[in-house]
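Please walk through this structure one region at a time, with the coordinates open beside the text. The paragraphs below take up helix packing, then a sheet with its covering helices, and lastly a hairpin.

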Amino acid sequence: MPRPTRSFSRRVLLSQLAVIVVTLALVTGVFAWMGGRSVTEVTETKALATARTLAIDPEVRKGSTEASAQPAGQADEAITSPLLEITDDLRASSGIVFAVITDDRGIRLTHPDRDNIGKRVSTSPDEALAGRESVTHERGTLGETVRAKVPIYSTADDTTVVGEVSVGIHASVLDADLRREFLVLGSVAVLALAIGVVASLALGRRLRRETLGVGPEELAEMARDQGAVLRGLDDGVLAFSSSGAPTLTNATAEQLLGIAHVEAGTAADPDAPSRAEVPEVIRRMMLDAPDHGALRRRVNVGDRILLATAVRVSRDGVSVGGVVTLRDETQVLTMARQLESVTSMARALRTQRHEFANRLHTVLGLVDTGATDEARTYLATILRTGPIATPVEGIEVISEPYLRALLEAKGTTAAEVGVSLSVTPDSLVLGRVNEPEDVTLILGNLIDNAVRAVVTDAMGGVGDDADRTDAVFGSVEVTLLGSGSELHAVVTDTGGGVEDADVESIFDEGVSSADDLDPDHGHGIGLALCRRTARRHGGRVWLLTGHDPVLGGAGFAVHLPDALSDDTDDKER
């Protein structure tokens with residue numbers, strides 16, 4: 001098993017702390033070195049300045065000149081006493097450890113320890129006696145000190161060295177100054193480290209909250225998977241932020257919605273993020289989606305009927321937005337309606353085949369028994385009325401095979417629920433249908449809606465009339481007219497009609513007169529599908545608002561400009 005890796009926020013925190021510690025160590029080290037150098041230089045400068053001041057004092061120059069003229073170590077008290085008074089006052093006022101004055105042989109004329117007067121200094125006086133100033137860190141009779149040595153020039157001229165002044169400051173004083181400097185610097189470093197730790201912890205928590213605890217490796221893997229999934233899906237996918245702003249769309253969604261994708265940093269808006277112009281109905285779906293579960297709706301976009309599913313997404317209890325998937329159901333619903341029409345035709349054909357077989361058996365029986373006259377009369381009757389009985393009154397005026405088959409199938413299903421279907425006598429269609437699937441889809445939907453309206457209105461009246469025994473609830477009339485390549489159709493019924501306020505809304509997806517409205521099974525999309533199919537062929541479907549049929553109800557009209565072809569041309573081909 002792979003070892004569990006630290007979270008991204010923890011890794012960032014540790015990296016930041018490491019950077020802070022290293023940076024503070026470097027800065028502290030540099031400033032400590034600079035501070036130490038500064039303190040040392042200040043101490044050395046103080047010792048050197050004190051020695052210079054003492055070396056140019058007239059009494060010091062006079063005493064050192066007189067002592068150098070006497071034998072070594074023979075300087076009398078008249079020479080040393082003024083010098084001791086000067087050096088003692090200097091030590092008391094400036095805080096130095098010692099101030100030693102010598103002659104030109106390095107013999108002490110002053111010293112804090114009077115027993116050392118008249119003795120040679122413990123450290124070499126050669127640099128000062130040679131006329132050069134020096135600052136050193138040396139150990140002598142008074143311990144380790146910072147020493148400044150300056151030559152003393154004769155009172156007779158300024159070029160003859162007659163002694164030296166050695167001023168010392170204890171190293172402990174320097175160390176105390178350094179410790180004080182380092183303490184301040186260390187305190188600042190610790191405070192900076194504490195601030196850095198607190199800031200890193202706060203940043204780590206915010207980073208963990210913003211990234212939902214997802215590390216860079218997981219983010220990269222999610223981005224790869226996201227690209228593969230979005231490109232591989234046939235459905236449209238749209239992602240939204242928690243505020244409802246679109247954040248991601250795939251190509252399928254843009255195609256289904258007909259939206260324009262705006263890339264980031266365009267000339268029109270260089271600061272604009274990448275986004276898509278998503279219809280408001282889709283965005284509202286995401287906002288209305290429940291926290292648990294999905295919200296499904298059918299929406300109309302252009303000539304398409306889309307099944308939209310909105311789901312909210314949360315991680316660790318925090319809402320991060322939502323996802324809406326889109327599926328194009330226009331073709332599926334169209335095929336379902338066409339299949340329904342074909343199924344109705346097939347059922348009607350099975351019924352007619354059974355009746356046709358019965359008639360053939362009757363003719364065969366008449367022939368077998370020698371009743372040829374009766375057989376001839378029977379066949380003549382069949383030729384006048386049609387080979388198969390149909391429940392559609394007036395259908396003989398329709399010779400176009402697709403339209404006739406549709407009407408016969410719908411007439412059979414309508415008769416089963418107590419509705420009579422008829423074709424008006426003024427109907428006439430001479431050509432052949434070019435797009436039988438779409439034409440039968442539109443007419444089939446309109447006839448089905450009319451039959452349902454009649455049954456719904458009649459069933460509402462049955463409860464009020466207990467003595468009613470009539471099995472026919474009402475009727476539906478169809479008028480079909482062909483004019484060149486144009487097909488005109490009118491479907492009227494004796495149902496309850498349509499309210500004036502619903503003239504246009506009935507063509508919206510999801511609107512239905514059925515009491516058991518169920519969008520998942522097709523109710524509420526028939527008229528919308530009819531209008532879309534008609535518009536695709538340059539035609540239209542509309543409600544006859546001025547319709548006043550003899551039996552009342554509602555009427556729908558259809559105009560399809562290129563639905564028919566010339567029957568003569570078809571025969572020649």
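A crossing of two helices is called left-handed if the near helix is turned anticlockwise from the far one by less than a right angle, and right-handed if the turn is clockwise. In this structure, which is a predicted model, the crossing of α2 and α3 is left-handed. Two packed helices are described by the angle between their axes and the distance between those axes. For helix α2, residues 58-69, and helix α3, residues 77-94, the angle is about 145° and the axes are 9 Å apart. On the α2 side the contact is made by Glu59, Val60, Gly63, Glu66 and Ala67, which meet Ile79, Pro82, Leu83 and Ile86 of α3. By character, the residues of this contact divide into six nonpolar, one polar and two charged.

Further along the chain, five strands form an open sheet with mixed pairing, and their order is β12-β14-β15-β17-β16. Strands of a sheet pair through backbone hydrogen bonds, either parallel or antiparallel. The edges here are β12 (419-423) and β16 (540-543), each of which has a single partner strand, so one side of each is left without a neighbour in the sheet. From one strand to the next, the twist averages 15°.

At the edge formed by β16, four bridges join this strand to β17 (residues 555-560), and the two run antiparallel. Within this pairing, Arg540 has His559 of β17 as its bridge partner. Helix α13, residues 526-536, packs on the sheet, where it touches both β16 and β17, and its direction makes about 140° with that of β16. Another helix, α11 (residues 401-416), lies across β12 and β14 (474-483) and runs at about 160° to β12.

Which residue lies over the face of Trp542? It is Arg540, placed at 3.7 Å from the ring centre, and this is the arginine whose bridge partner in β17 is His559. As for contacts between aromatic rings, a search of the whole structure finds zero aromatic pairs.

The last region to visit is the hairpin of β5 and β6. Strand β5 (residues 236-240) and strand β6 (residues 246-249) pair in the antiparallel sense over three bridges, with Phe240 standing opposite Pro246 in β6. Five residues lie between the strands of this hairpin, and there Gly244 takes a positive phi near 95°.

Technical notes: Residues numbered from 1 in each chain as written. Predicted model: local features only at pLDDT ≥ 70, side-chain atom pairs only at ≥ 80, totals over all residues. Heavy atoms only, no water. Axes fitted to C-alpha atoms, helices over the stretch in contact; angles between N-to-C directions. Contact = heavy atoms within 4.5 Å. Nonpolar A, V, L, I, M, F, W, Y, C, P; charged D, E, K, R; others polar. Pairing = 2+ DSSP bridges. Phe/Tyr/Trp six-rings, centres within 6.5 Å; stacked < 30°, edge-to-face > 60°. Lys NZ or Arg CZ within 6 Å of the ring centre and 35° of its normal.
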